Amino acid sequence: MNTTYLPSDYLPILIQLGLALGFIVTTMIVTHNIGPKRNSVKKDDPFECGIPVQGDARAPISIKYFLIAILFVLFDVEVIFMYPWAVNFKTLGTTGFVEMVLFMGLLLSGFYYILKKGVLKWE
């Protein structure tokens, strides 16, 4: 089996990358040049799911909203790590069980910290 790679072995990849980039650049240039350029008040008006625009888009939003969203994603991703562990529970043995107990301990200590900081309390 050949384990040394020559630069010519990468030529098909470089050709495909060049063709893909060329297609993207060409498509963008052509559509920009031949596309319609009709602007109107109605066309330039922001559209949000059929709801009329009210107020300013830069209205301040409470940081609590973002903290809750980040925590949801964080805990959701950590739960996803448990599925492969549960599927391979028997084959991982005691070592896998101890590693998951440590993982859950770190997860719960972070959750305890969040509760103590009062992140989940709405005012």
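A polar contact is a pair of N or O atoms within 3.5 Å; within protein, one must be able to donate a hydrogen and the other to accept it. Keep that cut-off in mind for K64. The model discussed here is predicted.

Start with the fold. The protein has five helices and zero strands. Along the sequence the pattern reads α-α-α-α-α. The radius of gyration is 27 Å, well over the 14 Å that the globule rule gives for 123 residues, so the protein is more spread out than a compact globule. The C-alpha trace tells us its extents: about 65 × 65 × 20 Å along the principal axes.

Next, burial and surface. Of the 123 residues, 7% are buried. The accessible surface comes to about 11,500 Å². Carbon and sulfur atoms account for 71% of that surface.

Charge comes next. The protein carries 10 positive and 9 negative side chains. The centres of these two sets lie 6 Å apart.

Now zoom in on one residue. K64 sits in helix α3, which covers residues 63–80. Is K64 buried or exposed? Its relative accessible area is 19%. Buried means under 20%, so K64 counts as buried.

What does the side chain of K64 reach? It reaches the backbone oxygen of G118, at 3.1 Å. That distance falls within the 3.5 Å cut-off for a polar contact. G118 also appears among the residues in contact with K64 once neighbours within four places in sequence are left aside. The others in that set are V119, K121 and W122.

Note on methods:
Residues numbered from 1 in each chain as written. Predicted model: local features only at pLDDT ≥ 70, side-chain atom pairs only at ≥ 80, totals over all residues. Heavy atoms only, no water. Helix = DSSP H or I, 4+ residues; strand = E, 2+ residues; numbered from the N terminus. Buried < 20%, exposed > 50% of the residue type's maximum accessible area, 1.4 Å probe, protein only. Contact = heavy atoms within 4.5 Å. Rg over C-alpha atoms; globule rule 2.2 N^0.38 Å. Areas by Shrake-Rupley, 256 points an atom, 1.4 Å probe, with all protein chains shown as cover. Lys, Arg positive; Asp, Glu negative; His and termini not counted. Charge placed at Lys NZ, Arg CZ, Asp CG, Glu CD.
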